[in-house]
Structures are given as structure tokens and as C-alpha cells.
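Here's a quick briefing for anyone meeting this structure for the first time. Have a look at the sequence and the model, then read on for the main points.

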Amino acid sequence: MTLLVLPCLLLLWCWLKYGLLPLRWQNSYLAGPDAPLQRACRAAARGRWEPAARLFEDAGQDWERRSLYAQRLGDVAARGSDRWLKAWEEARPEDPDAALVVARARVSYAWELRGGARAHSTSQSQFEGFHRELLASQDDIGRALALCPGDPTPLVAELWRARGLGYSHQEMDALWWQITALAPHHFEAHTSALQYWTAKWRGSHQLAREFAERSAAGAPPGSLLAVLPVIAWYESHMDELGRVEFCGSEVRALVDAALADAALADPDHPRLAEVQHLLGYFLCRRGRYRAARKQFRHVDGFTEALPWRYSPVPPLHYRAVRTKTGRRALTERRMG
């Protein structure tokens, strides 16, 4: 009995003191809670495709949600067994949703082969597998496009292909025109395109900043795209995060704009959790611990988001930041 009570008491103590969950409860495959998606991912890992099919049926023409579902289920297939996905295709040969997940799975598998290291730390064999799978993904993306007319989701998958294969700026502009004609303020499309324009990929700090500012300025309130300049700033300062000033007026303005936009977003927006992770991090670095804890409490238990995904062990990075946040927030409350 004692063996059961002590862990429960420890969990309760952590929750009451810091309002945050212990490390072992962190999910490194999702950014935030989504019960239907979590059930579908667990079922897929066990070889069952039917929950995934129902997930897409329920999403209908919610392009943001379809994009998230395709991405996460594609990751499940890329990181483990894809028998469930093959069974889905066999049961429904012309199912556009299955074709969409197949395309995302191929792209995800290519990036798994490459790994997350920078180019100088990536082997020739990794690059060969990466490029081979990205080239092969063209047919899968084309099939998904043919089966999903009017759906921008296959084109969002192609953005990852564009970055990896090095589409020219003209080719990227043409792809971007196709996507925005269908979904002008699509969140994953914009964050993926922003990565293409960063200096570490196919652009520069200036091009990334200009893309982010232009996209945010033209987006409706609550679209979450006000976070793009925050991401662009983070990307341009990644090599100096330990020394860079987070408390300056530029960062304050960027974070405040993103906070205001997030407050206007639909609470059920499938990408809101990703924004809350990044805002929590920036607020912590700016010393606004109570505000940071408020963001983290929405997403605690999940770590598939910036900035954690750039860490070798995302849950450890998240634990360090959220623990500091919890302690400082508690001190602020006592002093305030």
C-alpha cells in the first residue's frame, strides 16, 4: 500500500507546489493534449487503422486539423511499424486520407534518416537516404493531391520536401502561391515555409524576418501567425541564446503581440499548444515567471514543440525551464 501512496503523494506535492507534472509523464510526440489524436496514435502503434480513419472523417475540411493529424500519424508510421497504414490502404485503396498519411509518412521517414544534427555532423549515408526518400515522396504527394482536390495538406508536406531538396526561390514561390490560394493563413504551412527561408536552410536571417513580418501583418487576429516573428528571432539567435538579451524592447514587442494573438485564438485551435510552449519559454527568459507558468500549465505533459525539439533530450530541457518557472513564480506570489 505504501508503495502506491508515496508516488501519488509526490505527484500531488509537485502539482500543488509548481502546478506541473513530473518528467516521466512528458509526451515527446505531441505538443499538447488531444484525446482523439492520442487514441488514434496508440491504436496505430498497436496495428489498428480504424481510429485514424475516423479522426480524419471527423476533421472534415478543417485543414489545420488534417495537417496536424497527417503529420503526427505519419510520424508514427515513420518511427515504427507501418503495418496499420498498409492495412488501411488495402481495406480502402482510394481513401484520400490514407494517401495523405502515406505521403507524410514518407517525408517523415526521410527526415528520420537524416537526423536532427547540422550538416557537418550528418554522414554521407544519412544524406543519401534522406534525399532518396524525399525524391521518392514526389509520387506519394502527387497521389494524395489527386485524391484530395482542394485540400492544401499534401502541399504542406511538400514544403518539407522543398527544404530538404533545396527548391530554388522561384520554385518555392510557386509552391507557396498554390498553398495560400487554398489556405492563406495555414499555421503549419507558414511555420514550415519560415524554416525554408532561414539562414540554416535556403534563405537568410533577413529573408526569414521579412517573411515572418509580412505573414503576421496580413493575418487575421487569432490566427496564431503573430508568433512567426518570435520564431524568426529565435532562429536567428540560436547560436547565442546563452548570451543574447531577451529583455530588450524588440523581444518585448514581439512576445506581447504573439500573446495578444494567442489570447484571441480559438481555444481548440490544434496548433495553439505549440505557440504556448514557445511563449512560455520566452516569458521565462524575460523573467515573467507567473505569465510563463500560465502558458506551461496548458501544455504540461507534452514536449513536441519549439524550443524543446531542438534539444538532444527535449523532456530534460523542458523540465529545467518549467522547474525554474515554477520556483520563481512561487517566489513572486509570496512576495506579491
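A residue is called buried here when its relative accessible area is under 20%. By that cut-off, 51% of the 336 residues of the protein count as buried. Keep in mind that this is a predicted model. The tour starts with the whole chain, moves inside, and then stops at a few individual spots.

**The overall picture**

- The protein's secondary structure is made up of 16 helices and zero strands.
- The radius of gyration is 20 Å, close to the 20 Å that the globule rule gives for 336 residues, so the protein is as compact as a globular protein of that length.
- If you follow the C-alpha trace along its principal axes, the protein spans about 60 × 55 × 40 Å.
- Take the contacts between residues at least 6 apart in sequence: 69% of them join residues at least 24 apart.
- On the outside, the accessible surface adds up to about 16,200 Å², and carbon and sulfur atoms account for 54% of that.

**The nonpolar cores**

- In soluble globular proteins, nonpolar side chains tend to be buried together.
- The largest nonpolar core here has 53 residues, and the ones touching the most other members are Leu194, Val227, Tyr281 and Phe282.
- Helix H14 (residues 272-285) supplies the largest share of this core, with eight residues.
- There's also a second, separate core of 26 residues, and Leu30, Tyr69, Trp84 and Leu85 are among them.

**Leu194, a well-connected core residue**

- Leu194 sits in helix H10, and its relative accessibility is 0%, so it counts as buried.
- Which residues does Leu194 contact, leaving aside its neighbours within four places in sequence? They are Ala208, Phe211, Ala212, Leu228, Ile231 and Ala232.
- Leu194 and Val275 are 81 residues apart in sequence, while their C-alpha atoms are 15 Å apart in space.

**Helix H12, with its cover**

- Helix H12 (residues 228-236) is mostly covered, as eight of its nine residues are buried.
- Those buried residues are Leu228, Pro229, Val230, Ile231, Ala232, Trp233, Tyr234 and Glu235. Leu228, Ile231 and Ala232 also appear in the contact list of Leu194.
- The cover over the buried residues of H12 includes H10, helix H11 (205-217), helix H13 (249-264) and H14.

**Helix H8, another covered helix**

- What span should the 13 residues of helix H8 (residues 153-165) have at 1.5 Å a residue? The expected value is 18 Å, and the end C-alpha atoms are 19 Å apart, which agrees.
- H8 is mostly covered too, with 11 of its 13 residues buried.
- The buried residues of H8 include Glu158, Arg161 and Arg163, along with Leu155, Val156 and Leu159.
- Among the elements covering the buried residues of H8 are helix H4 (63-79), helix H6 (96-114), helix H7 (124-147), helix H9 (169-182) and helix H10 (187-196).
- Just after H8 comes Gly166, which takes a positive phi of about 75°.

**Loops worth a look**

- Between H10 and H11: the loop here holds Ser204, which counts as partly exposed at 26% relative accessibility. Not counting residues up to four places away in sequence, Ser204 touches Trp197, Thr198 and Ala199. Ser204 and Val299 are 95 residues apart along the chain, and 31 Å separates their C-alpha atoms.
- Between H11 and H12: this loop is where you'll find Leu224. Leu224 isn't a glycine, but it has a positive phi of about 75°. With a relative accessible area of 2%, Leu224 is buried.
- Between H15 and H16: Asp300 has its place in the loop between helix H15 (289-299) and helix H16 (314-335). Is Asp300, at 8% relative accessibility, buried or exposed? Asp300 counts as buried, because 8% falls under the 20% cut-off. The side chain of Asp300 makes a polar contact of 2.6 Å with the side chain of Tyr318.
- Pro307 also lies in the loop between H15 and H16. The peptide bond joining Leu306 and Pro307 is cis, with omega at about 0°.

Terms used. Residues are numbered from 1 along each chain as its sequence is written. This is a predicted model: local features need pLDDT of at least 70, side-chain atom pairs count only at pLDDT 80 or more; totals for chains, interfaces and linings use all residues. Side-chain values use heavy atoms; hydrogens and water are left out. A nonpolar core is a set of buried Ala, Val, Leu, Ile, Met, Phe, Trp, Tyr and Cys residues joined through side-chain atoms within 4.5 Å. Buried means under 20% relative accessible area, exposed over 50%, partly exposed in between (1.4 Å probe, protein chains only). Helices (H or I, at least four residues) and strands (E, at least two) are DSSP runs, numbered from the N terminus. Contact means heavy atoms within 4.5 Å. The expected span of a helix is 1.5 Å times one less than its number of residues. The radius of gyration is taken over C-alpha atoms; the globule rule is 2.2 Å times the number of residues to the power 0.38. Accessible areas come from the Shrake-Rupley method with a 1.4 Å probe; for residues, only the protein chains shown count as cover. A polar contact is a pair of N or O atoms within 3.5 Å; within protein, one must be able to donate a hydrogen and the other to accept it, and residues adjacent in sequence count only if both atoms are side-chain atoms.
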